[in-house]
Amino acid sequence: MMSGLMQYGAVQTKIRAMFGRRLRTEDYEHIAALRSEEEILDYLRQRSGWSEAVSELSTVTASGGFVGRIELETALRGQLYAEYASLMHYVGQKDIPILRVPVRNAERQAILNTMRRLKSGGYYKGKPPENKFLVHSKLSTDELEQCKDYDGLIAAARDTIFAEALRHLRPQAEETLPEYAAVDSLLQITLESYQQRLIGAYGKKTMRALLRKSHGMQVDFLNIIHILRLKRYYPQAPSELYMMALIPSNGPLRGEQLRQMVAAPDLEATLALLQDSPYRKYFAQTDVGELEEEVRRMLYLLFRRHLVSDEPSVHTLLAYFQEKEFELQTLINVIESVKYGVAYDAAMVKLAGM
C-alpha cells in the first residue's frame, strides 16, 4: 500500500484538481440555451476544464475556418487523449497494460464506425475525425478507412484483440455483412473478457481484488440490462439470443442466477428473481427505461467513489478516464441539442453536473 501511495499520491492530487474543473449542471443548462457553436466555444474557453481544446480552435476561427460539431468533438477528444498521455507518465511499467483499455475501446469504436459505414453503403470523404487513442493501436487505420467490404475490415483488425471475433462472424455468403448488433455484442464481450484477463494477471493482490470487484459489478449491470431489455421488448426471444450476448463475469451475480433470469417467463418474473440477488435494492422499479437510468447512475457513482475516496492507485486513473468520458458524452449531447434544436438528456446532465 505504501508503494501505491508514493507512486500514485501525486497523480491523485493532480486528477482531483482536474476533476474539480468539470462542468456543472448550471453550465450545461447555460450551454443548452446558446444559439451556435461559436457561442459554445466562447463559453467553454472561459469557464471549463475543456478550455485548452477550445482555445486551439481559436486559430481556425480567427483565420476564417469553419468549426462545427465534428471539429469541436475532435478537439475535445484530443484534449482527453492529451490528459491520458500526460497521466501515463506517472504509471509504472507493470500497470501500463491495464491502462491500455481505453485504446482497445477506441479500436472497438472505430470498427463499429466502419460497420455502420459499410452497412449504409457510403464511404468516408477524406480522413474521418481523428481519435488520438489509436496512436497506440494495433488496428490498421489506413486499411480501415479504405476498406470496402467485411473482409477488408477483418484484414484491418487482424492484429487486434477483436480479430478472432470478427472472423467468427464472417458470413458464408460473399459480399454480405453480419448483423451490426451481433458485431457490437461480440466486440463488447471480447473487450470485457480481455479486461478480466488483465485484472486476473495483475500482480498486486489487494488492487487485483478491488479491480475485480469494480469490473465485476460493471459487467453484472450490463448483463442484467441486456436481459431486461429482451424481456421487455422481445418477450418471445429464444434463450440462445440472451446467452450469446452475456458477458462472462466475476461479479457477485453468478452464472446460475443469470440462467434463471434468462429462463424466467416474463419481465415481472425476472425482476422477482433480482430481489434475491445482491442487486435487489437497485431494481425496485418495473420500467426498463428507469432501470437503465438507475444503472447508469450507480456506475457513475461507483467510479466517482473510486476517484475521490479510494487510496491512490492505478484504479484512480481508470476511474478518472471513465468519469471524463461520461462528461464528454454529456457535453456532446448538449451541443447536439443546440445544433439540431432538440431536447438534451436532462438525467445525463444532472448526473454529470453533480
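**Exercise 1. The largest cavity.** The largest cavity has a volume of about 100 Å³; work out which helices line it and how its lining divides by class.

*Solution.* Keep in mind that you're looking at a predicted model. Start with the search itself: over the whole structure, three cavities of 30 Å³ or more turn up. Next, pick out the residues around the largest one: Gln-195, Ile-199, Leu-211, Ser-214, His-215, Gln-218, Phe-303, His-315, Leu-318, Ala-319 and Gln-322. Now map them onto helices: α10 (180-200), α11 (205-233) and α16 (314-340) each put at least two residues into that lining. Finally, sort by class, and you get five nonpolar, six polar and no charged residues.

**Exercise 2. α11 and its partners.** Decide how α11 runs relative to α13 and relative to α14.

*Solution.* Two numbers describe a packed helix pair: the angle between the axes and the distance between them.

Take α13 (residues 255-263) to begin with: its axis lies 10 Å from that of α11, at an angle of about 10°. Angles under 35 degrees count as roughly parallel, so α11 and α13 are roughly parallel to each other. On the α11 side, the contact uses Asn-223, Ile-224, Ile-227 and Lys-231, and these meet Leu-258, Met-261, Val-262 and Ala-263 of α13. That contact comes to six nonpolar residues, one polar and one charged.

Then α14 (residues 267-274): here the angle with α11 is about 155° and the axes are 9 Å apart. An angle over 145 counts as roughly antiparallel, and therefore α11 is roughly antiparallel to α14. α11 brings Ile-224, Ile-227, Leu-228, Lys-231 and Arg-232, while α14 brings Leu-267, Thr-270, Leu-271 and Leu-274. Sorted by class, this contact of α11 with α14 holds six nonpolar, one polar and two charged residues.

**Exercise 3. α6 against α10.** Say whether α6 and α10 are roughly parallel or roughly antiparallel, and break their contact down by class.

*Solution.* Check the geometry: the two axes sit 11 Å apart at an angle of about 170°. That is why α6 and α10 are called roughly antiparallel. Now go through the contact: residues of α6, including Val-101, Ile-111, Leu-112 and Met-115, meet residues of α10, among them Val-183, Leu-187, Leu-191 and Leu-198. Charged residues such as Arg-104 and Arg-108 in α6 and Asp-184 in α10 take part too. The class count for α6 with α10 is ten nonpolar, three polar and five charged.

**Exercise 4. An aromatic pair.** Classify the pair formed by Tyr-84 and Phe-133, and find where each residue sits.

*Solution.* The structure has seven aromatic pairs. In the one made by Tyr-84 and Phe-133, the ring centres are 5.0 Å apart and the planes make an angle of 55°, which is a tilted arrangement. Tyr-84 belongs to helix α5 (residues 69-87), whereas Phe-133 is in the loop between α6 (101-120) and α7 (141-146). With their positions 49 residues apart, the pair links distant parts of the chain.

Key: Residues are numbered from 1 along each chain as its sequence is written. This is a predicted model: local features need pLDDT of at least 70, side-chain atom pairs count only at pLDDT 80 or more; totals for chains, interfaces and linings use all residues. Side-chain values use heavy atoms; hydrogens and water are left out. On a 1 Å grid over the protein atoms alone, a cavity is a set of points where a 1.4 Å probe fits but cannot get out, and a pocket is an open set with protein on both sides within 12 Å along at least five of seven lines; lining residues have an atom within 4 Å of a point. Grid points are joined across faces, edges and corners, and a volume is the space filled by probe spheres set on the points. Helices (H or I, at least four residues) and strands (E, at least two) are DSSP runs, numbered from the N terminus. Axes are lines fitted to C-alpha atoms, for helices over the stretch in contact, and angles run from 0 to 180 degrees between N-to-C directions. Angles under 35 degrees count as roughly parallel, over 145 as roughly antiparallel, 65 to 115 as roughly perpendicular and the rest as oblique. Contact means heavy atoms within 4.5 Å. Rings of Phe, Tyr and Trp (its six-membered ring) pair if their centres lie within 6.5 Å; planes under 30 degrees apart count as stacked, over 60 as edge-to-face and the rest as tilted.
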